[in-house]
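Ready for a few exercises to work through with the coordinates open beside you? Try each task yourself, then read the solution step by step.

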Amino acid sequence: MNRLKINNNGGYLEEADENLSLVVEDASKFLNVQTVKIKISGDTDLVIECEDIKDVKFDICINVLNGVHANIYEFKNKGKYKFQYKYYLESDSYLNIEKVINADRIHEMTIINLNGERAKIDYNLKSISKNKEKYNFLVYHNASKTVSNIINNGVNIFDGEMEFNVSSFVPNGIRKCDVNQSARIINMTDNTCTIKPNLFIDEEDVVANHSALIGTFSFDEIFYLESRGINKKEAESLLTKGFLTKGINYHKEAIKEIINQYWG
Amino acid sequence: MNSLKIENLTVEVEGKVILKDFNLEIKSGEIHAIMGPNGTGKSTLTKVIMGDANYKIIKGKIYYNGEVINKMKVDERARLGIFLGMQMPIAIEGVTNADFLRSAVRAKEGDNFKLLPFVKKIDELTNKLHMSSDMINRGVNDGFSGGERKKNEILQMYLLKPTIILLDEIDSGLDVDSLRIVGESVMDYYNEEKPAILLVTHYQRLLDYIKPDFIHIMSGGNIALSGDKSLALEIEKKGYDKVMEEDGHE
């Protein structure tokens, strides 16, 4: 298991195997931007842990080479984040990303380039938003038979204002792609949350789906739990835990701790 | 001795009156079966007793052991000892049965909750109800068949040890074997704990297992006719319209 720590001083590999290489450099001292370049050349897992970052912007480029299967488990805790991600997937590669966020404020741009045939990405983001959080995605299907599954789930509390903008592109001639977007925000405030799902498909031979839902937990779910003696606060805590841990394998315990922090 | 008394209860949903001046009292050790055509207010009755906010009480009172519970929250009613076994229990993705059941039992038992007896009880009940042992780690009713959902309701009933049990069409969607298991399990609980049971059903077949002391036929939001188990057999043979007509109802 590879372990990358990112903090105000930059990024460093705490544990590493031979399937992963890392370069960290100052992209712009003036703008306070750091670049982290990761090349994944063999099947492996990578844990990324970001803690309390404040005045540094990060550019993270991740290259997954031909035929490589990799999992990235990322956790951002506290701090104010401005991150840009660029993923490049070559032919027959597969990248599974699980991202758990408990930030004070965040603005992310994620660019996914599916450059090789049959490249596939599963992207699963879970966040508890307490302030402004904005996530922009550009997903480029640059080769045939590529697959993208972008799932964004958030729970909006306190002063949270959450926004997911996801745009997927399939140009003409890039055939048999599978393009999926799903976003859901549980908004437990009166603040505005936004989901903008965009599918720019210029090819007929494509399967494309999107779903977007902003709302609270359903009355029926709450009623069912309450009818078993569970009070409303505990019911919401249970539902939040279920909502945020679904599809997450690595940082499940971290999510449970965060939920205990806010729901007691 | 526990009792549930419903007095002159009138209930509406979205401006439409569903229950009208409804009266009923059930006590520990009694089994009441409510039957009747669709849309006569049978399920409404169980949900109103449980405190479903979709149903507005226009007038009348619901008493639990002499105390009016009209304004009591749903979870408070449940902790008091009222249990509603639902007709179509909802599936909740992501929330495991284990987390859900532990929270429910902990809410009831408070500081007396102990994990080991809880786990043992779950094992015992999944065996009794012929449920797959992996159901405990699956989402609440998530991917469960109709029969598994009903068995899960009965499992919860056993864990929460209610004194007033409302069973809303607990027989719907059950094959003959599951119906027997569910019916016999309800009766086993009845024989052990002597709760008051109010069950809603369309079919006499459930009453082969759960033996009611009273049968009530609902019509127009009220009880139109009451009798013993022979009434259910008569309905099975003649139908609601004929039985009601013979009793002098229009």
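**Exercise 1. A hairpin in chain A**

Task: Find how strands β3 (residues 20–28) and β4 (residues 33–40) of chain A are joined, and how many bridges there are.

Solution. A word before we start: this is a predicted model.
- Step 1. β3(A) and β4(A) run antiparallel, and eight bridges join them.
- Step 2. To check the register, pick Glu25(A), which has Thr35(A) of β4(A) opposite.
- Step 3. Look at the connection: the two strands make a hairpin, with four residues between them. In this turn sits Asn32(A), whose phi is positive at about 60 degrees.

**Exercise 2. Unusual backbone angles**

Task: Locate Asp52(A) and Lys176(A), and decide whether each is buried or exposed, or something in between.

Solution.
- Step 1. Recall the background: most residues other than glycine have a negative phi.
- Step 2. Asp52(A) is not a glycine, yet it has a positive phi of about 50 degrees. Its place is the loop between β5 (44–51) and β6 (57–64) of chain A.
- Step 3. Lys176(A) also has a positive phi, near 55 degrees. Lys176(A) belongs to the loop that lies between β14 and β15 (177–187) of chain A.
- Step 4. Now count neighbours. A residue is partly exposed when its count falls between the limits of 12 or fewer for exposed and 20 or more for buried. Asp52(A) has 14 other C-beta atoms within 10 Å, so it is partly exposed. For Lys176(A) the count within 10 Å is 14 other C-beta atoms, so Lys176(A) is partly exposed.

**Exercise 3. The surroundings of Phe164(A)**

Task: Which residues does Phe164(A) touch, leaving out those up to four places away in sequence?

Solution.
- Step 1. Start with the element: Phe164(A) is part of strand β14 (residues 161–170) of chain A.
- Step 2. Test for burial. Phe164(A) has 26 other C-beta atoms within 10 Å, so it is buried.
- Step 3. Name the contacts: Phe164(A) touches Tyr135(A), Asn152(A), Ala183(A) and Ile195(A).
- Step 4. For a sense of distance, take Glu18(A). Between its C-alpha and that of Phe164(A) there are 35 Å in space, and the two residues are 146 apart in sequence.

**Exercise 4. Two domains in chain A**

Task: Describe how the domains of chain A meet.

Solution.
- Step 1. Divide chain A into domain 1 (2–216) and domain 2 (218–264).
- Step 2. Their centres, taken over C-alpha atoms, are separated by 25 Å.
- Step 3. Count the residues in contact: 13 from domain 1 of chain A and 12 from domain 2 of chain A.
- Step 4. Ask which strands contribute on the domain 1 side. β7 (69–77), β9 (94–102), β11 (120–129) and β13 (147–156) of chain A each supply at least two residues there.
- Step 5. Sort that side of domain 1 by class: eight residues are nonpolar, three polar and two charged.

**Exercise 5. Where chain A meets chain B**

Task: Which element of chain A supplies the largest share of the side that touches chain B?

Solution.
- Step 1. The contact involves 18 residues of chain A and 21 residues of chain B.
- Step 2. On the chain A side, α1 (219–226) and α2 (232–245) each give at least two residues.
- Step 3. The largest share comes from α2(A), with seven residues.
- Step 4. By class, this side of chain A holds six nonpolar, five polar and seven charged residues.

**Exercise 6. An open sheet in chain B**

Task: What is the order of the four strands in the open sheet of chain B, and which of them stand at the edges?

Solution.
- Step 1. The order is β2-β1-β4-β5 (chain B), with antiparallel pairing.
- Step 2. β2 (16–27) and β5 (67–68) of chain B each have a single partner strand, so they stand at the edges, and one side of each lacks a neighbour in the sheet.
- Step 3. Look into one pair: β1 (residues 3–13) of chain B and β2(B) are antiparallel over eight bridges. Leu9(B) has Phe22(B) of β2(B) opposite.
- Step 4. Add the helix. α1 (residues 42–50) of chain B packs on the sheet and touches β1, β2 and β4 (56–64) of chain B. The direction of this helix makes about 70 degrees with that of β2(B).

**Exercise 7. The overall form of chain B**

Task: Why does the radius of gyration of chain B agree with that of a compact globule?

Solution.
- Step 1. For 250 residues, a compact globule would have a radius of gyration near 18 Å; chain B has 18 Å, so the two agree.
- Step 2. Along the principal axes, the C-alpha atoms of chain B fill a box of roughly 55 × 40 × 35 Å.
- Step 3. Of the 250 residues in chain B, 44% are buried.
- Step 4. Among contacts in chain B with a separation of 6 or more, 72% are between residues 24 or more positions apart.

Conventions. Residues are numbered from 1 along each chain as its sequence is written. Chains are lettered from A and ligands numbered from 1 in the order in which they are written. This is a predicted model: local features need pLDDT of at least 70, side-chain atom pairs count only at pLDDT 80 or more; totals for chains, interfaces and linings use all residues. Two strands pair if DSSP finds at least two bridges between them. Two residues are in contact if their C-beta atoms, placed from the backbone, lie within 7 Å. Axes are lines fitted to C-alpha atoms, for helices over the stretch in contact, and angles run from 0 to 180 degrees between N-to-C directions. Ala, Val, Leu, Ile, Met, Phe, Trp, Tyr, Cys and Pro count as nonpolar, Asp, Glu, Lys and Arg as charged, and the others, Gly among them, as polar. The radius of gyration is taken over C-alpha atoms; the globule rule is 2.2 Å times the number of residues to the power 0.38. Domain bounds come from an automatic or database domain assignment.
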